[in-house]
2 protein chains.
Amino acid sequence: MADNDRTISDIGEFGFIRSIQDGCLVSPEKLVLGIGDDCAVLGPHNGDFILLTTDLLIEDVHFVLGQIPPHHLGQKAAAVNLSDIAAMGGKARHLLISLASPRDMPLQTLHAIYDGAKTMCGQHRVNIIGGDTSASPDRLVISITAMGDVPQGEVLYRRGARPGDIVYVTGTLGDSAAGLRVLRGAASGPEQLVSALTRAHHLPVPRLQAGRAAAESQLASAMIDLSDGLVSDLGHICEASGVGARIQNAGLPLSRELRALAEIADVDPISLALTGGEDYELLITVPPKNCRAFENRFREMEGSPLSPIGEITRETGLTVCHPDGRETPPPTGGFEHFARP
Amino acid sequence: MADNDRTISDIGEFGFIRSIQDGCLVSPEKLVLGIGDDCAVLGPHNGDFILLTTDLLIEDVHFVLGQIPPHHLGQKAAAVNLSDIAAMGGKARHLLISLASPRDMPLQTLHAIYDGAKTMCGQHRVNIIGGDTSASPDRLVISITAMGDVPQGEVLYRRGARPGDIVYVTGTLGDSAAGLRVLRGAASGPEQLVSALTRAHHLPVPRLQAGRAAAESQLASAMIDLSDGLVSDLGHICEASGVGARIQNAGLPLSRELRALAEIADVDPISLALTGGEDYELLITVPPKNCRAFENRFREMEGSPLSPIGEITRETGLTVCHPDGRETPPPTGGFEHFARP
């Protein structure tokens, strides 16, 4: 195919990001890290690094207005950005919210979105300090930029994982993807189950406390948040660190609700946990000698269960280890914006 | 009209911004200014304030892909954000670029947009440090966040204008709006004229050097960039400062090209200069005792002509003074996203 016939679908999101990196940095002064991690890292300023991250949410790509209550949409839009700050070990400080709206959008809907963002920000003592408001021909567009900071010696990158490190995740995996299946009518169950799983999809919790704890402990080697799915995001850690990983399926933390749904619907919980995406839990790698102290640190913290799910290997590539002893490549999947249908 | 029947068009962009401000600031520590100026202001960090600003550009609202070369679009998208940094007196440092693209968008187009942004950033030693890439169902969406800094004692806000201050603008006014008329087929002229004016619309120059000079001089009282149009943006200065202003039409700086177009096409250059928008020049207010020193300061600087165009008044509201001595309210106009057709 001639180069000038190619579309963005031909190289995908990550190929595109690689293709635009040359020439981005012209003034390296006070810049620690540009494109390539959960946040850009600037500084130091008074001993702290500044973290910047941004996410774009488009109606009918990232959300469907009839499916998610606008208040939840506002909470989620803020949460996914705060999650990127958490993934570097940062304290979230400020948010910019831009919104492009069709002219006939009810004011109530837009105010509910803002109120949702304020609720999420209020819970984490984050200010909303600006943004942009404009018209959009037909679809709602939300763009959020979050700013945080982290003490210079504590920031955790994707690139720090070393062979032998244990891979941990916070919380449970696959609930958000199960919720999305339910919303799309691909799975169903009792009201309470359905409601818990759609809630996991609509109201992810940014793991800011856990991220700070991991960073402050100085016991971890790398961290990322699980937005694209475990396989994809652990893949980012491995690529940045020049290593591989083995995932123990038996160790994947599954919620009671996801297990219950799997019993009554055509849903493979392990597959959702591996590739589902949008869990916004943290994946943290820890050198073996630090694991006991690291686990103790988390044991003291309420609401952030920590599960070891595998280890970093010298050989690159990901391997999935099944409970019966089989070892396979990971299932394909994970969210890719420009995937062909 | 019942409150829950209202749409965003009923209160407009600025009404909407006012309506969402409550509850945005929950943690005022190290926050100097939130919503309400060209940038949010944070800090101080090592004696500098940090500036953050963001702009959302939507296809068919802010640009038409067939009308603007993608390289120019990238330059403009970066420039309008850098202009907001200039408007606070800042040095621009870093840019985040998010892009949502239809799946069939030619890679060449997207790369040209990025290359344009890199060109603009390179000219001003600004790094591109991150962003987001996602799919969009049909329209291209560009969201840019710019970060800069300014020494703590030098930042210029909208709110500092005082009665008697002289109002200056950099460059010439109305060229961008004339270029847009030409692009829309509402005016035409010789190729060279048309090309200069569409260029003014597509390739605005962020006045970073002029903005720094105004701030560094510590002679000015307020500053804003002219994005919505002179009347609208001077109105923002007046509202924030609790004052009014008189604009002398005879003083409005008009380019040779705009004057030439006005002679052959149905275009009122004064009206375009007053309400046209997207000039991205700076409007600066200066106390009378500082004017001579301020003008001298700009006289030494190449490429940034400075014109006095009026003065700040104690009485609120804007008055336009015509060359024949008549005084009128300003023409309505200026860009309002949610204006009803």
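This is a short talk on a predicted model with chains A and B, covering the interface, one sheet and a few backbone details.

On conventions, residues are numbered from 1 along each chain as its sequence is written, and chains are lettered from A in the order in which they are written. Because the model is predicted, local features need pLDDT of at least 70 and side-chain atom pairs count only at pLDDT 80 or more, while totals for chains, interfaces and linings use all residues; side-chain values use heavy atoms, with hydrogens and water left out.

I begin with how the two chains are related. A turn of 180° with a shift of 0.0 Å along the axis lays chain B on chain A, at an RMSD of 0.0 Å. That is the relation of a two-fold axis. The superposition is by least squares on the C-alpha atoms of residues with pLDDT of at least 70 in both copies.

Now the interface. Chain B and chain A each put 82 residues into the contact, where contact means heavy atoms within 4.5 Å. Of the interface residues of chain B, 100% are also interface residues in chain A, so the copies meet through the same surface. The buried area is about 6,600 Å², and carbon and sulfur atoms give 61% of that. Buried area here is the accessible area, with a 1.4 Å probe, that two parts lose on being put together, summed over both.

What crosses this interface? There are four salt bridges between chain B and chain A, a salt bridge being a side-chain nitrogen of Lys or Arg within 4 Å of a carboxyl oxygen of Asp or Glu. B:Asp138 forms one with A:Arg139, with the closest N and O atoms 3.0 Å apart. Also across the interface, 31 residue pairs are in polar contact, both residues at pLDDT 80 or more. A polar contact is a pair of N or O atoms within 3.5 Å; within protein, one must be able to donate a hydrogen and the other to accept it, and residues adjacent in sequence count only if both atoms are side-chain atoms.

On the side of chain B that touches chain A, the elements giving two or more residues include helix H1 (8-19), helix H3 (107-123) and strand E6 (141-151). E5(B) gives the most, with nine residues. Helices (H or I, at least four residues) and strands (E, at least two) are DSSP runs, numbered from the N terminus.

Next, a sheet in chain B. This is an open sheet of seven strands in the order E8-E10-E7-E11-E9-E12-E13, with mixed pairing. Two strands pair if DSSP finds at least two bridges between them. Strand E8 (222-225) and strand E13 (327-328) are the edges, each pairing on one side only. E8(B) runs antiparallel to strand E10 (residues 282-286) and is joined to it by four bridges. B:Met223 has B:Ile284 in E10(B) as its bridge partner.

Some backbone points. Most residues other than glycine have a negative phi, and most peptide bonds are trans. The bond from A:Gly43 to A:Pro44 is cis, with omega near 0°, and A:Pro44 lies in strand E2 (residues 40-45) of chain A. The bond from B:Gly43 to B:Pro44 is cis too, with B:Pro44 in strand E2 of chain B. B:Arg125, not a glycine, has a positive phi of about 55° and sits in the loop between H3 and E5 of chain B.

Last, salt bridges overall. The count over all chains is 30. A:Glu278 and A:Lys76 form a salt bridge at 3.2 Å, N to O. That pair links distant parts of the chain, 202 residues apart: A:Glu278 is in the loop between helix H9 (269-275) and strand E10 (282-286), and A:Lys76 is in helix H2 (residues 70-86).
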